[in-house]
Amino acid sequence: MPALSLVALVSLVSTVFAKQLDGHPPQQQHRHWAPICSGNPTNQIRGCDRYGCGNFGADRHSGKEKHVGVDVICRDGATVYAPFSGQLSGPIRFFHNGNAIDDGVQIRGSGYCVKLVCIHPIRYHGHIRRGQQLGRMLPMQKVFPGITSHIHVENCDHSDPTHLLTPDVPPLPQQSSGRWATVCAGNPTNEIRGCDKYGCGYYGAPRRSGKGKHRGVDVICADGATVYAPFSGQLSGPVKFFHNGNAIDDGVQIRGSGFCVKLLCIHPIRYNGAISKGQVLGKMLPMQRVFPGITSHIHIENCDHSDPTSNLEGGKGQRE
């Protein structure tokens with residue numbers, strides 16, 4: 001091959017390869033991080049409980065400071081995974097008091113740098129791959145009884161990591177019309193209660209020392225928050241769950257749009273008549289008065305006792 005032709009070929013290959021790198025930089029091959037806690041495949045962020053809220057920028061120290069990370073829900077003792085590939089360094093001490101959750105590690109690589117706190121890593125140094133086991137969640141309930149146990153995830157530059165934690169999963173077309181609207185102000189994705197000293201909020205969780213199962217799901221909702229209708233339908237009630245007249249023994253049923261559901265521990269604006277998806281339904285009752293330290297929530301139960309989780313996922317404030 002003539003020398004000039006060889007030079008031209010090499011130049012062309014180099015140009016094409018450079019353009020491919022520009023279009024797909026190695027550090028951006030995953031635009032979103034992997035799940036970091038077993039049992040939380042979508043990196044669901046802690047809502048609000050009596051200790052505060054888990055979103056980036058939430059108030060800290062009575063409003064004098066802001067939360068510079070996000071709190072990803074993770075039950076005590078759960079396996080923790082690396083969100084991306086990189087080099088480990090640590091330990092990272094957040095509380096500096098040697099309490100049961102004062103441990104963590106930093107990962108730097110793939111174009112990112114993050115600290116994961118309140119976990120015990122399998123090691124503090126060396127290389128780790130995206131999705132590889134990193135360690136385990138420490139016993140947060142021992143330090144903060146009733147809090148929604150979580151991993152504190154903080155970018156090294158204190159920027160917001162929320163968009164990186166959100167999985168990039170396109171919605172399935174056949175499910176687009178089946179999703180319910182947001183049911184509680186302040187919880188736009190219908191985040192489900194994790195585990196606290198009273199139990200867990202997911203469908204099928206143990207009840208009565210394992211003798212029974214949870215036949216609904218508990219959607220996180222701050223005491224006094226506005227509650228919305230998940231779909232359009234007809235109201236009926238009241239619906240009593242405890243039958244003892246306590247401060248949260250109220251609720252309502254909605255039937256329509258192909259669904260039938262009971263929303264409990266709320267006070268509806270009315271017990272009868274039609275309501276539209278996303279319309280104000282009532283307000284959350286004072287659950288902390290009855291169960292101090294619990295993650296306040298609306299108990300949502302399908303009338304046929306089937307699992308409503310798939311309908312609640314990704315509410316995102318939809319309106320009709």
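**Strand pairing around S26 and S6-S12-S10**

Biologist: Over how many bridges do strand S22 (residues 259-264) and S26 pair in the antiparallel sense?
Modeller: Strands here are DSSP runs (E, at least two residues), numbered from the N terminus, and two of them pair if DSSP finds at least two bridges between them. This is a predicted model, where local features need pLDDT of at least 70, side-chain atom pairs count only at pLDDT 80 or more, and totals for chains, interfaces and linings use all residues. Residues are numbered from 1 along each chain as its sequence is written, and side-chain values use heavy atoms, with hydrogens and water left out. For antiparallel S22 and S26, the bridge count is four.

Biologist: Which residue in S26 is the bridge partner of Leu263?
Modeller: S26 also runs antiparallel to strand S18 (residues 217-220), with four bridges joining them. There, Val217 stands opposite Ile300. Leu263's partner in S26 is likewise Ile300.

Biologist: How many residues of strand S26 (residues 297-302) are buried?
Modeller: Buried means under 20% relative accessible area, exposed over 50%, partly exposed in between (1.4 Å probe, protein chains only). His297, His299 and Glu301 point one way, Ile298, Ile300 and Asn302 the other, and all are buried. The strand is therefore largely enclosed by the rest of the structure, with a buried count of six of the six.

Biologist: Which strands stand at the edges of the open sheet S6-S12-S10?
Modeller: This three-stranded sheet pairs antiparallel. Each edge strand has a single partner, so one side of each lacks a neighbour in the sheet; they're S6 (79-81) and S10 (119-121).

Biologist: In S12, which residue is the bridge partner of Thr79?
Modeller: S6 and strand S12 (residues 133-137) pair antiparallel over three bridges. Thr79's partner in S12 is Arg136.
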